[in-house]
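Please find below some notes for a colleague who is opening this structure without having seen it before. They are set out as numbered points, to be read with the sequence and the structure at hand.

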Amino acid sequence: MLGLALRELLALPSLAGARLRGGDGERRVRWVHVVDLPEPFPWVQPGQLLLTTGYAWPREEEALRTFAARLAEREPAGVVLAVPQFFERFPEPVLEVLAQKGIAALELPWEVPFAQVMEEVLRRLLAHQLSVQERVQEVHRALMQAVLAREEMGAFLERLAQLLGRSVHLREEPQGFAVPVPLGREPGGYLVLEGAADEVERQVLENAALVAGLILAHQRALAEREARLGYAFLDALLEGRQEALTPERARAFGMDLARSYRLGVLALPLPLPLTERGFQERELALREVRSLLRRLGPCAVVSVSLNQVRFLLPEGLDPEAFARALSRPAPLYFSRPYPAGALVRALEEVERLQVFSEPGVYLYEAHLVPRFLLGDQEARRELRALLEPLRPGEREALLAWVARGFSYKEAARALGVHLNTLRYRLRRVEEKLGLGLDRPEDRFLLELAARIWSLENKKG
């Protein structure tokens, strides 16, 4: 126990006539003890209030200094010397040595019985300790209610702060007065009070750390359960198992069935099979992706596969911005947006993007031409299909325009139509395909699509 400040004990009847000659009156007294032996040191403990008549003390100055130095090493809270029987007053050499250590030195009138001092001090210390324990138990019961009510950590810290009348923080590193929160082999952080803490606060914080550990363990178990369910849910969607896609299950994971989602895959540069270090790195990446998704909205559906983290990004959120918010450089692949029931196609698209292995962001729709140039046959089919939404007249205008080197006049002359008619049809092509005929990259895409269409139609 931390005890009471010596100044508080000086108000007791037996010590009311004591005179504080030096040292720190704020030192904490934990116990009281009478020692009158030539070698009292083994019987003196830190925090004790030592009562003595000085009967066995040496009388020479140097011997007194040596005696006082050895006594100070035992770190008593204070030394009470009964005067004036064996010493008229507290010896100056002893006062000087004790003062250097901050140990209180008191003179007690000889007629005051040590038995009375011990009884009053012990009663006061035990009453204080009982009061502390009652207060600690009162707070502990309130904290246990937080566990039974399954409060989140934030609500628990607010409740604790209200009970103590001081702010309490959960931090990763110890600051001020800090108590480690037990959570497995490593601390789950530290409960921190800014500045000093009194006896009640210290004991409350020690109990609160155990309760906080229970809350964190419960939250971790829920997170692991949620993660396992999330893995199974996303994997089922990617495998095309429609029975997994119920409105209730979708709501549980924050999904809106009226909305489309991109499949994102973060490919971590970790060798396979994963080592223990690799598993830890993947877990850190998973937490980062999940945390970012939760900041962006209610949907945080993720799973892992080997050295990949898979997740769903709601349509309308910028994949480039999402990638910039991540702290690790790695290839990040995104499918086109799909309804939840068609995500099996998203997985196929992401797998085709994995020919690109450099760190960066790869959107399926933006990498059609690179995939085609790398020999992806699906990219060839998609390029041909790019023109299918066009009406025959629009497609004919586009093919003629491409075949004549993007010359409007020559294309109009070849088709035998007015220049404005050609321009109107090509504007319709832009609107339907969502491309800009003035952008070089879009012209290149359209040229590839037009030539593949022309070649395949000639073969037909």
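**Notes on cavities, sheet, loops and helix packing**

1. By class, the residues that line the second largest cavity are six nonpolar, one polar and one charged. The lining itself consists of V35, D36, L37, P40, L50, T52, W57 and F67, and the space inside this second largest cavity comes to about 40 Å³. Three cavities of 30 Å³ or more are found in the structure. The reader should keep in mind throughout that this is a predicted model.

2. The next point concerns the open sheet, which is built from five strands in the order β2-β7-β6-β5-β4 and has mixed pairing. Its edges are formed by β2 (19–22) and β4 (31–34), each of which pairs on one side only. On average, and with direction ignored, neighbouring strands of this sheet are turned by 25° against each other. In general, strands of a sheet pair through backbone hydrogen bonds, either parallel or antiparallel.

3. Within that sheet, which way do β4 and β5 run with respect to each other, parallel or antiparallel? Strand β5 covers residues 48–52, and the four bridges that join β4 to β5 belong to a parallel pair. One residue pair to look for when tracing this pairing is V32, whose bridge partner in β5 is L49.

4. Strand β6 (78–83) has loops worth checking on either side. In the loop between α2 (61–73) and β6 lies E75, a residue that has a positive phi of about 55° although it is not a glycine. In the loop between β6 and α3 (92–100) lies P84, and the peptide bond from V83 to P84 is cis, with omega near 10°.

5. Another cis peptide bond leads from L272 to P273, where omega is near -5°. P273 is placed in the loop that runs between β11 (260–267) and α8 (276–296).

6. Strands β12 (residues 302–305) and β13 (residues 308–314) are paired in the antiparallel sense over four bridges. Together β12 and β13 form a hairpin with two residues between them, and in the turn L306 has a positive phi of about 55°. At this hairpin, S305 of the one strand stands opposite Q308 in β13.

7. Two packed helices are described by the angle between their axes and the distance between the axes. How, then, is helix α13 (residues 392–403) set against helix α15 (residues 419–433)? Their axes come within 9 Å and cross at roughly 105°, and α13 and α15 are therefore roughly perpendicular to each other. On the α13 side the contact is made by G393, E394, A397, L398 and W401, and on the α15 side by L422, R425, L426, R428, V429 and K432. Sorted by class, this contact of α13 with α15 has six nonpolar, one polar and four charged residues.

8. Helix α14 (residues 408–415) also packs with α15, at an angle of about 105° and with the axes 9 Å apart. Because angles of 65 to 115 degrees count as roughly perpendicular, α14 and α15 are described as roughly perpendicular to each other. Here the contact is made by Y408, K409, A411, A412 and L415 of α14 together with L419, L422, R423 and L426 of α15. The residues of the contact of α14 with α15 divide into seven nonpolar, no polar and two charged. A reader following α15 will find L422 and L426 in its contact with α13 and again in its contact with α14.

Notes. Residues are numbered from 1 along each chain as its sequence is written. This is a predicted model: local features need pLDDT of at least 70, side-chain atom pairs count only at pLDDT 80 or more; totals for chains, interfaces and linings use all residues. Side-chain values use heavy atoms; hydrogens and water are left out. Axes are lines fitted to C-alpha atoms, for helices over the stretch in contact, and angles run from 0 to 180 degrees between N-to-C directions. Angles under 35 degrees count as roughly parallel, over 145 as roughly antiparallel, 65 to 115 as roughly perpendicular and the rest as oblique. Contact means heavy atoms within 4.5 Å. Ala, Val, Leu, Ile, Met, Phe, Trp, Tyr, Cys and Pro count as nonpolar, Asp, Glu, Lys and Arg as charged, and the others, Gly among them, as polar. On a 1 Å grid over the protein atoms alone, a cavity is a set of points where a 1.4 Å probe fits but cannot get out, and a pocket is an open set with protein on both sides within 12 Å along at least five of seven lines; lining residues have an atom within 4 Å of a point. Grid points are joined across faces, edges and corners, and a volume is the space filled by probe spheres set on the points. Two strands pair if DSSP finds at least two bridges between them.
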